[in-house]
Amino acid sequence: MSVLVDNFDVFAGGLWVTLQLCVFAAIGALLIGTLVAVLRISPVPPLQWIGTAYVTVFRNCPLTIVLFFSAFVLPALGSNADFLRIPGLSSISTRLGNELPYFRFVIIALSLYTAAFVCEAIRSGINAVSPGQAEAARAIGLTFTQNLRLVVLPQAWKSAIVPLGSVIIAMIKNSALAGFFGVVGDLTSSGTNLTSQGGEAIIPVFVGISLGFLLLTVPLGLLLDRVERRRAVGVR
Amino acid sequence: MNQQQSVLYDNPGPRARRLTLIGSVIAVIGVVAFAYFLVYRPLDESGQFTMEKWGPLVDPDNEVFSLVWARIRDGFVATLTAAGLAIVGSLVVGLALAVLRVQLKALRERRFVGLPAPAALGLRVLSWLLNTITRFCVEVFRGLPVVITIFFVATALPDLGVDLGDRLWYLVIGLTIYNSVVIGEIMRSGMEGLPGGQREAALACGLSSFQITRMILLPQALRIMLPALISQLVVVLKDTSLGFIIGYEEVLRVSAFLIGNLENPIQVYAVVGAIYILLNYLLSKLAEYVQRRLARGRKTKGLPPIAVMTPARAGADGSGAA
């Protein structure tokens, strides 16, 4: 187990990169997912189709293929995902400034993939709002946007937060794939480097990687359980 | 969809219908323009639509067409083999785990009256210990990325001197570890979400705790949780794509090989992705169908809200991984 102590900085650095990856991808996924959810509930049929097609495609496609696609199609489209190199951000997070584009490709793929699940979580939240609420809002003469903004969405948000949380947990776990796709320095790649190049024993290194991911996922899961239980009490 | 619309909007009048039509036209034009200028044109300019790249995949007269498709078919057969084995394995282990955890919980509530005090204390400590251990294992394996589990199984087992020969088994074991825990939790929450009267009635009939689980709780929970279970199967099927990381010859590894020779990554992945999407889409349609059948068959007499809510929480919302 001395491997863990000796290489503490390696694991800590890996955790830091993975955390950055997760934060950026979560922001992206929440934005895109909300947009897709809006498309799916909009009154315009073609927009609904786009939303449905998006969710169907990304929910049924393995993340690995989405990752390959973002790494092959984006360069073919003439983009190196440079639009993610936002000046302010790259000064805060050193990784974004790095020349290798894989970090940005993985963020894009993770965001796109997770967005489909975010959309479904938000939609299930909207479905959970009792119809009477929206009908009452319409009856007192609120317009569609007012209805959404003042009545439906606040309640939908409340019941969507637990599924959204599990989506984000799943995304954190999925980010483990990044290391196998050329992202240097994240938890997976720095851990596996220790065994393949550093010649360290496998099991302690894996314990380290696992601890890193558990550190990210378990507290979130406990928090969600708590939110869920509190709400269950509150409803009664 | 319709039900949702009726909640959010009134029935459209002439003006709303006109607006919707205008919006639709604008949306279609926008999508077509987006697809043409931002996707089709750049791809065309970089030569992604030439027959040289697509030929091996779509043109039956191409000299490598049948070879390519034979490889892809083999790859999918390998993928489905791994998925099938992993599904059977995780269902069996998951059910056993759920039963075990429910039993342990029942055991924890017993006070072992009638046994001498030290023996009773020992048994209670033992049941507490077993309960904690299983809980810990569930939390750990559920919180670990499935890639890490698979990679760990594939590198650590040979290191420990367990050589399974075929890489298939490492993939199956890794997937089973992760998914059995998830399925176990789905089943457990299904059993715990059942109305308490079911258990009490069975107790009053004189059934033992194990009989109650086997004859009363499990069948009902299976039925309630069937849609969640099927969507978990979609997750298993998607996760088999991780096999390429440990060198299992499934469809992605085959694709990588094809791409090495044909140099058309976008095309090959598009085809493979489309097949994956089709397979999983059919599976999730099956889940929807089953759900509808069940909803019709049983006039939901106040199904406990927990039982309906928990599948999402248990990770069946497609979380899984890849």
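Trainee: Which helix gives the largest share of the nonpolar patch on the surface?

Mentor: Happy to start there, with the reminder that this is a predicted model. The patch has about 690 Å² of accessible area together, and its members include Ile203(A), Val207(A), Leu211(A), Trp169(B) and Ile173(B). Helix 11 (202-235) of chain A and helix 7 (167-193) of chain B each supply at least two residues. The largest share, three residues, comes from helix 11 of chain A.

Trainee: Is Val207(A) buried, partly exposed or exposed?

Mentor: Val207(A) lies in helix 11 of chain A. Its relative accessible area is 32%, and the class between 20% and 50% applies. Val207(A) is therefore partly exposed.

Trainee: Why is the pair of Tyr113(A) and Phe117(A) edge-to-face?

Mentor: Good one to work through! Both residues lie in helix 7 (residues 102-128) of chain A, four residues apart, about one turn of the helix, and both are buried. The ring centres are 5.3 Å apart and the planes stand at 65°. Planes over 60 degrees apart count as edge-to-face, so the angle that decides this pair is 65°.

Trainee: And which residue of chain B pairs with Phe180(A)?

Mentor: This aromatic pair is edge-to-face too, with 5.0 Å centre to centre and 65° between the planes. Phe180(A) sits in the loop between helix 9 (144-174) and helix 10 (187-196) of chain A, and the pair crosses between chains to helix 6 (residues 146-159) of chain B. Phe180(A) is partly exposed at 24% relative accessibility, while its partner is buried at 15%. That partner is Phe151(B).

Methods: Residues numbered from 1 in each chain as written. Chains lettered and ligands numbered in written order. Predicted model: local features only at pLDDT ≥ 70, side-chain atom pairs only at ≥ 80, totals over all residues. Heavy atoms only, no water. Patch = residues over 30% accessible without salt bridge, like charges linked within 9 Å, V, L, I, M, F, W, Y side chains within 5 Å. Areas by Shrake-Rupley, 256 points an atom, 1.4 Å probe, with all protein chains shown as cover. Salt bridge = Lys/Arg side-chain N within 4 Å of Asp/Glu carboxyl O. Buried < 20%, exposed > 50% of the residue type's maximum accessible area, 1.4 Å probe, protein only. Phe/Tyr/Trp six-rings, centres within 6.5 Å; stacked < 30°, edge-to-face > 60°.
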